[in-house]
Structures are given as structure tokens and as C-alpha cells.
Amino acid sequence: MNYEITEFILDRISSFIDKKNVTVKTENTDWRGKTYISDLVILDEENNVGFEVFDDEITVFYFTAHTHFNKQYYEELELEYSDSIAIEFLIDLFTYPIHYTKVYKGKKLINEKYHIETDDYTGMRTIDSAWHGLVNFHNPFAKKVKENFIWSFNKETKCFEKQAVKQPTQKKKGVF
């Protein structure tokens with residue numbers, strides 16, 4: 001491992017993971033094929049859950065999304081940065097149900113959202129949202145369809161499980 005914080009993070013989340021299934025890569029390749037140094041830690045390969053440690057940033061990736069914890073970003077906002085922010089975020093992923101919503105217009109994906117359901121009953125906390133409306137042309141008259149899933153961590157099997165959530169059926173307007 002290139003960074004001490006990587007081992008510290010693994011120690012903090014050790015109750016959630018099976019260390020024999022954890023993969024750590026120290027020499028990685030970006031989308032251009034350029035080699036760079038980091039600690040890429042894959043916790044659950046099947047569900048794409050893990051984190052990557054750089055000099056000034058920790059990126060936590062989960063399912064189809066990721067979140068950056070960048071020291072420079074926090075300094076620009078005049079907030080105090082700590083590696084523990086990324087660690088707490090990882091622990092939240094393992095602890096709370098994660099609600100995932102995909103919205104389609106016809107067959108085109110136009111929106112994705114991830115929410116964490118917390119214990120304090122303040123509702124859902126959005127952790128990632130992506131709008132794909134400008135990337136793909138979609139038919140504005142196509143039917144809008146939502147798919148909802150809940151990802152939850154099973155402590156016995158030490159992996160994430162995905163459950164589909166059925167949408168409530170709506171009554172048609174104007175029909176007696």
C-alpha cells in the first residue's frame with residue numbers, strides 16, 4: 001500500500017468486510033491508459049463497492065456512483081477536512097439502507113439518485129444524483145418509468161443485497 005490512511009480505513013471498517021476478499025491495487029491506469037499511483041481498494045467486486053486513496057483525495061465508489069472527498073474542495077469552502085469524513089461515509093454505506101431510483105423516458109435512462117435512510121428519522125439524505133437528459137436525446141412524449149431498488153448490507157454474508165421495490169399503482173384520473 002502507498003498510503004497509511006488506507007490501512008487505517010480498512011481497520012475502521014474491518015467489522016463489515018472479509019479481508020480475504022479485499023483487493024488492493026497500487027499501480028492503476030486511468031481512462032486514457034496513463035499509469036498513476038494510488039491505493040485502489042475493492043471491497044465488494046460484484047457490486048462495485050470500494051475506495052481509492054490519492055495524495056489529497058479519497059474517492060468512495062458504490063454500485064454505479066462515486067463520491068469524492070477532496071482536501072482542496074473543503075478548503076475552498078472554508079470547511080475543515082478530515083479523512084474521517086470519507087470513513088464515516090463508508091460506514092454509512094454499510095450501516096443504512098441505500099435507496100436507488102432510476103428514471104427512464106421510453107428506453108433512455110434520464111436520471112439516477114441514491115439516498116441513505118438514516119436512523120434519526122429526518123428522511124432521506126441524497127448522496128448522489130445524475131441527470132442524463134443532455135447526454136442522450138430522448139422522446140419527450142415517451143412514457144416515464146421509475147425503477148426503485150434498496151441496497152442493504154448483509155452482515156452475515158458480508159456483501160450487499162439488492163431488492164426491487166414495487167411502485168404503488170395509481171388510479172387513472174377521470175375514470176368512475
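**Close-up views of a predicted model**

**View 1. Helix 3 and its buried residues.** In helix 3, the buried residues (under 20% relative accessible area with a 1.4 Å probe, protein chains only) are Ala 86, Ile 87, Phe 89, Leu 90, Ile 91, Asp 92, Leu 93 and Phe 94. Helices here are DSSP runs of H or I with at least four residues, strands are E runs of at least two, and both are numbered from the N terminus. How far apart are the end C-alpha atoms of helix 3 (residues 83-95)? They are 19 Å apart, which agrees with the 18 Å that its 13 residues should span at 1.5 Å a residue; the expected span is 1.5 Å times one less than the number of residues.

A note on the model: this is a predicted structure, in which local features need pLDDT of at least 70 and side-chain atom pairs count only at pLDDT 80 or more, while totals for chains, interfaces and linings use all residues. Residues are numbered from 1 along each chain as its sequence is written, and side-chain values use heavy atoms, with hydrogens and water left out.

**View 2. The open sheet of 5 strands.** Here the strand order is 1-2-3-4-5, with antiparallel pairing (two strands pair if DSSP finds at least two bridges between them). Strand 1 (23-29) and strand 5 (65-70) are the edges, each pairing on one side only. Strand 2 (residues 35-44) and strand 3 (residues 49-53) are joined by 5 bridges, and Leu 40 sits opposite Glu 52 in strand 3.

**View 3. Helices against the sheet.** Helix 1 (residues 4-12) packs on the sheet and touches strand 2, strand 3 and strand 4 (57-62), where contact means heavy atoms within 4.5 Å. The direction of helix 1 makes about 155° with that of strand 3. Helix 3 lies across strand 2, strand 3, strand 4 and strand 5, running at about 10° to strand 4. Axes are lines fitted to C-alpha atoms, for helices over the stretch in contact, and angles run from 0 to 180 degrees between N-to-C directions.

**View 4. Strand 6 and its two partners.** Take a look at strand 6 (residues 98-105): 8 of its 8 residues are buried, so this strand is largely enclosed by the rest of the structure. Ile 98, Tyr 100, Lys 102 and Tyr 104 cover one side, with His 99, Thr 101, Val 103 and Lys 105 on the other. Strand 6 runs antiparallel to strand 7 (residues 108-117), joined by 8 bridges; the two form a hairpin with 2 residues between them, and Gly 106 in the turn has a positive phi of about 70°. Strand 6 also pairs with strand 9 (residues 144-154) in the antiparallel sense, with Asn 148 as the bridge partner of Thr 101.

Notes:
Buried means under 20% relative accessible area, exposed over 50%, partly exposed in between (1.4 Å probe, protein chains only).
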